[in-house]
Amino acid sequence: MEETLNITIDPACLQEPPLAIDVIKQLDLFQMCLYSMLTLMSCISLLLYLDLCMYIYKTQPYPKKTTLIWISGAAPVISTMSCFGMWIPRAVMFTDMTSNCYFAVVVYKVLVLLIEEFGGTNPFLQRFSGKTFRVSTGPCCCCCPCLPWVPFSRRLLFWLKLGALQYAILKTVLSVLSIILWTNGNFDLSDLEITGTSIWINPFIGVLTIISLWPVAIIFMNTNRFLRSTKIIPKYAMYQLVLVLSQLQTSVINILALDGTIACSPPFSGAARGSMLSQQMMIMEMFIIGLVNRFLYRRTYDPLPPCEEHDNEQNAKKCDQGDNIPTLLLSTPERVPVRIVHSEV
């Protein structure tokens, strides 16, 4: 005996994301409170960031102030774009592209900040010239500890900068290309066929992301012990956290939505509901990260001394010579000639 199953699918589950007015009409009391609270969190993040920008602009020198403004703006920019995507579901394509392009620039700016903490390119080269750098770091070569240490030079610094800068440029170009193809109906994230454009563009962007993260990790792993007084480790941790939440978390949720794990909930399809959940989570996460960044960046740190104990051998010798000469002069007893007088009894 054969049984037939009649499955009825809501037409809204097969349609495009709803318009903003349709979203507002479907909100109940709980959802209205949730949307209002998330919007307030996004606005607070933006206001705190503007206050932080004023503080950095007044207290930090150029060009370090520009770098700090870019890096500290990652969380509020992503939060603001997520808020727009939450209220206007059909604009998620544009809001996600804007957030990703901004963060692509932040990846390069983190590398620039590590160099600026030492005073700029020339002081950085003077400090580490003749020293070897470990390149067996993530995300490319963390599993290859046998890789030889590379002598640091101006050429190596150029290639490290170029490796981080290429992502900021190519990510923006590919994002604009994706939007152009999307308006023509040729770019669809749910189209996983070999003839689709998304199956080619997205993996290529993933490769560019890994290539750009590697130079930043190389500079950080070899210089972080000199920058602990500037709280560089928690700053780098916040940057890594934004990376994981904005890239990896969003990708996982989108995959679950396309796989059907996230169910349809009219007027949202499965993919649109997954995107909506991602936007809401991103606002809360970026709000917390923005508060931590305000604590880390809204303060001044003492500049690094020209010589440190963990510096390279040449600078260490210079420090020892310059610091020990006065000590030796003070500690060495002065020889005073003594005349011995023999008295006759």
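This section describes the fold, the helix packing and selected residues of a predicted model.

The protein contains 11 helices and two strands. Read from the N terminus, the order of elements is α-α-α-α-α-α-β-β-α-α-α-α-α, which places the two strands one after the other between α6 and the helix that follows them. Of the 345 residues, 42% count as buried. The exposed surface amounts to about 20400 Å², of which carbon and sulfur atoms supply 65%. When contacts are restricted to residues at least 6 apart in sequence, 76% of them join residues at least 24 apart.

Three helix pairs were examined, beginning with α5 and α7. Helix α5 spans residues 92-116 and helix α7 spans residues 154-183; their axes come within 10 Å and cross at roughly 175°. Because angles over 145 degrees count as roughly antiparallel, α5 is assigned as roughly antiparallel to α7. The contact of α5 with α7 comprises 18 nonpolar, four polar and two charged residues.

Helix α7 also packs against α8, which covers residues 198-223. The axes of α7 and α8 come within 8 Å, with a crossing angle of roughly 155°, and the two helices are therefore roughly antiparallel to each other. The crossing of α7 past α8 is left-handed. On the α7 side, the contact is formed by Leu160, Gly163, Ala164, Gln166, Tyr167, Leu170, Lys171, Leu174, Ser178 and Leu181. Their partners in α8 are Ile201, Phe204, Ile205, Leu208, Thr209, Ile211, Ser212, Pro215, Val216, Ile218 and Ile219. By class, the residues of this contact divide into 15 nonpolar, five polar and one charged.

The third pair consists of α3, residues 64-72, and α5. Their axes lie 9 Å apart and the packing angle is about 140°. The pair is therefore classed as oblique, since an angle must be over 145 degrees to count as roughly antiparallel. As α3 passes α5, the crossing is left-handed. Helix α3 contributes Lys64, Thr67, Leu68, Ile69, Trp70 and Ile71 to the contact, and α5 contributes Tyr102, Val105, Val106, Lys109, Val110, Val112 and Leu113. These residues divide into 10 nonpolar, one polar and two charged.

Two features of backbone geometry occur in loops. Tyr62 and Pro63 are joined by a cis peptide bond with an omega of about 5°. Pro63 belongs to the loop between α2, residues 29-59, and α3. The second feature concerns Lys231, which has a positive phi of about 60° although it is not a glycine. Lys231 is located in the loop between α8 and α9, the latter covering residues 232-259. With a relative accessibility of 36%, Lys231 counts as partly exposed.

Individual helix residues provide further detail on the packing. Leu52 is found in α2 and has a relative accessibility of 3%, so this residue counts as buried. The C-alpha atoms of Leu52 and Ile69 are 8.1 Å apart, with a sequence separation of 17 residues. Ile69 is also among the α3 residues in the contact with α5. Apart from neighbours within four places in sequence, Leu52 is in contact with Ser72, Arg294, Tyr297 and Arg298.

Helix α10 comprises residues 270-297 and includes Leu291. At 39% relative accessibility, Leu291 counts as partly exposed, whereas Leu52 counts as buried. Leu291 and Leu48 are 243 residues apart along the chain, yet their C-alpha atoms are separated by 8.1 Å.

Thr223 lies in helix α8. Its relative accessibility is 0%, and Thr223 therefore counts as buried, the cut-off being under 20%. When residues up to four places away in sequence are not counted, Thr223 touches Phe118, Phe124, Phe128 and Phe133.

Notes:
Residues are numbered from 1 along each chain as its sequence is written. This is a predicted model: local features need pLDDT of at least 70, side-chain atom pairs count only at pLDDT 80 or more; totals for chains, interfaces and linings use all residues. Side-chain values use heavy atoms; hydrogens and water are left out. Axes are lines fitted to C-alpha atoms, for helices over the stretch in contact, and angles run from 0 to 180 degrees between N-to-C directions. Helices (H or I, at least four residues) and strands (E, at least two) are DSSP runs, numbered from the N terminus. Angles under 35 degrees count as roughly parallel, over 145 as roughly antiparallel, 65 to 115 as roughly perpendicular and the rest as oblique. Ala, Val, Leu, Ile, Met, Phe, Trp, Tyr, Cys and Pro count as nonpolar, Asp, Glu, Lys and Arg as charged, and the others, Gly among them, as polar. Buried means under 20% relative accessible area, exposed over 50%, partly exposed in between (1.4 Å probe, protein chains only). Contact means heavy atoms within 4.5 Å. Accessible areas come from the Shrake-Rupley method with a 1.4 Å probe; for residues, only the protein chains shown count as cover. A crossing is left-handed if the near helix is turned anticlockwise from the far one by less than a right angle, and right-handed if clockwise.
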